[in-house]
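Walk me through this model, beginning at the ligand and ending with single residues in the chain. Keep the sentences short.

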Amino acid sequence: MTKQTYLTGITTTGTPHLGNFVGAIRPAIEASRVAENDSYYFLADYHALINAQDPASVRQSRQEIAATWLAMGLDTEKSTFYRQSDIPEIPELTWVLTCMTAKGLMNRAHAYKGVVQENIDAGSQDPDKGITMGLFNYPILMSADILMFKATKVPVGKDQVQHLEMCRDIAQRFNHHYKPLLVVPEVVVDKDAALITGLDGRKMSKSYKNTIPLFGTSKQLRKLIMKIKTNSLEPGEPKDPEGNTVFEIYQAFASQSQVQALREDYANGISWGDAKQQLYELLESQLAEPREKYNELMAKPEEVEAVLQAGAAKARVHSKELMRQVREAVGLSNL
Ligand code: TRP
């Protein structure tokens, strides 16, 4: 098997929740332990500025997300863990790529088109109302993130697949026009990545405000679990685990035998209160230890900062070299 370079970014908005953990953080940490691959994980904090323009919450979210990855056991020796905004070559490469990107390609980006459509539906005079160039150029910045480190595999959610296609297009155009310096990456959409539902039964997502934070206190965790929406079946009545939020979240954390046991409890008419209590106990048993670590890290931002700085230094060995080659290829090297 040829060595692969995995790379993925985490936009630093909001507080990490169970859905982020199961869908992105856990698989990435597992992959980071596979010795033969290289992996790059970074906080996409320039991307965060597109949606979050309150400095205090941008700051807070970066710290929380960094502490979460570390508390969950990311191996920062084996992988390279850094902040996008600590790599000045990324905005440099973004500009060069911007000059290789057809505006028409960006016009087709779902994220941009979605907002235009909302404006049209709302009867606005200006279809571009509230749209910044940050949003419009988002896929180019993302392409620079990926191409900078010659990523071969980019694990992302389904909503990011189009951005990966754009990245491939942009890389190919650069390679064709200048010289083949950029590695054309492949997208990896993990179909098995557990997607979990939130408190209200919709997909757990910060935009729906239905999340369970990963590292609330144990009391908050229990309280939120008790709030998960269920149906009105009484204790003693058999319950269907399919499509049931409590069961689904349980399944995302439990072993097969634990899942089987809960499945039987459902068939035997477990009460919702008891099912929720089981879910709480399972989560608490897995989260208590990393939560402690997380709280320690949150209390010592300088420790997290040091890890990120070391990660940036490691990453910049590569980004400086690629940028040197890119400058030379486009005619911007020293006379
Ligand atoms: N846009 C991605 C998201 O919101 C985050 C991201 C930024 C990213 N740069 C990236 C993901 C590069 C993969 C590769 O999910």
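What follows goes from the ligand site to a pocket, then to backbone angles and distances.

This is a predicted model, so local features need pLDDT of at least 70, side-chain atom pairs count only at pLDDT 80 or more, and totals for chains, interfaces and linings use all residues. Residues are numbered from 1 along each chain as its sequence is written, and side-chain values use heavy atoms, with hydrogens and water left out.

Start with the ligand. It is surrounded by 14 residues. A residue belongs to these surroundings if one of its heavy atoms lies within 4 Å of the molecule. The closest are Thr 11, His 47, Tyr 138, Asp 145 and Gln 160. By class, the shell holds 8 nonpolar residues, 5 polar ones and 1 charged one. Here Ala, Val, Leu, Ile, Met, Phe, Trp, Tyr, Cys and Pro count as nonpolar; Asp, Glu, Lys and Arg count as charged; the others, Gly among them, count as polar.

Which elements each supply at least two residues of that shell? They are strand 1 (5-11), strand 2 (38-44) and helix 7 (133-148). Helices (H or I, at least four residues) and strands (E, at least two) are DSSP runs, numbered from the N terminus.

Now look at the polar contacts, which are pairs of N or O atoms within 3.5 Å; within protein, one atom must be able to donate a hydrogen and the other to accept it, and residues adjacent in sequence count only if both atoms are side-chain atoms. Tyr 138 has a side-chain N or O atom 2.4 Å from a nitrogen atom of the ligand. Asp 145 places a polar side-chain atom 2.7 Å from a ligand nitrogen atom. For Thr 11, the partner is an oxygen atom of the ligand, and the distance from a polar side-chain atom is 3.1 Å. How much of the ligand does the protein bury? Taken alone, the ligand exposes 360 Å², and the protein buries 88% of that. Such areas come from the Shrake-Rupley method with a 1.4 Å probe; for residues, only the protein chains shown count as cover.

Next comes a pocket. The second largest one has a volume of about 260 Å³. The search uses a 1 Å grid over the protein atoms alone: a cavity is a set of points where a 1.4 Å probe fits but cannot get out, a pocket is an open set with protein on both sides within 12 Å along at least five of seven lines, and lining residues have an atom within 4 Å of a point. Grid points are joined across faces, edges and corners, and the volume is the space filled by probe spheres set on the points. The lining of the second largest pocket has 18 residues, and Thr 5, Asp 38, Tyr 40, Phe 149 and His 318 are the closest to its centre. Strand 2 and helix 13 (301-330) are the elements that give two or more residues to this lining. Helix 13 provides the largest share, 5 residues. The lining divides into 5 nonpolar, 7 polar and 6 charged residues.

Turn to the backbone. Lys 150 has a positive phi, near 50°, and is not a glycine. This residue sits in the loop between helix 7 and strand 4 (153-155). Lys 150 is partly exposed, because its relative accessible area is 35%. The cut-offs are under 20% for buried, over 50% for exposed, and partly exposed in between (1.4 Å probe, protein chains only). Lys 209 also shows a positive phi, about 55°, without being a glycine. Its loop runs between strand 5 (186-188) and helix 9 (218-227). At 74% relative accessible area, Lys 209 is exposed.

Last, some distances, C-alpha to C-alpha. Leu 141 lies in helix 7 and counts as buried because its relative accessibility is 13%. Leu 141 and Trp 95 are 46 residues apart in sequence and 8.6 Å apart in space. Gly 130 lies in the loop between helix 6 and helix 7 and is exposed at 77%. Gly 130 is 8.5 Å from Val 115, with their positions 15 residues apart in sequence.
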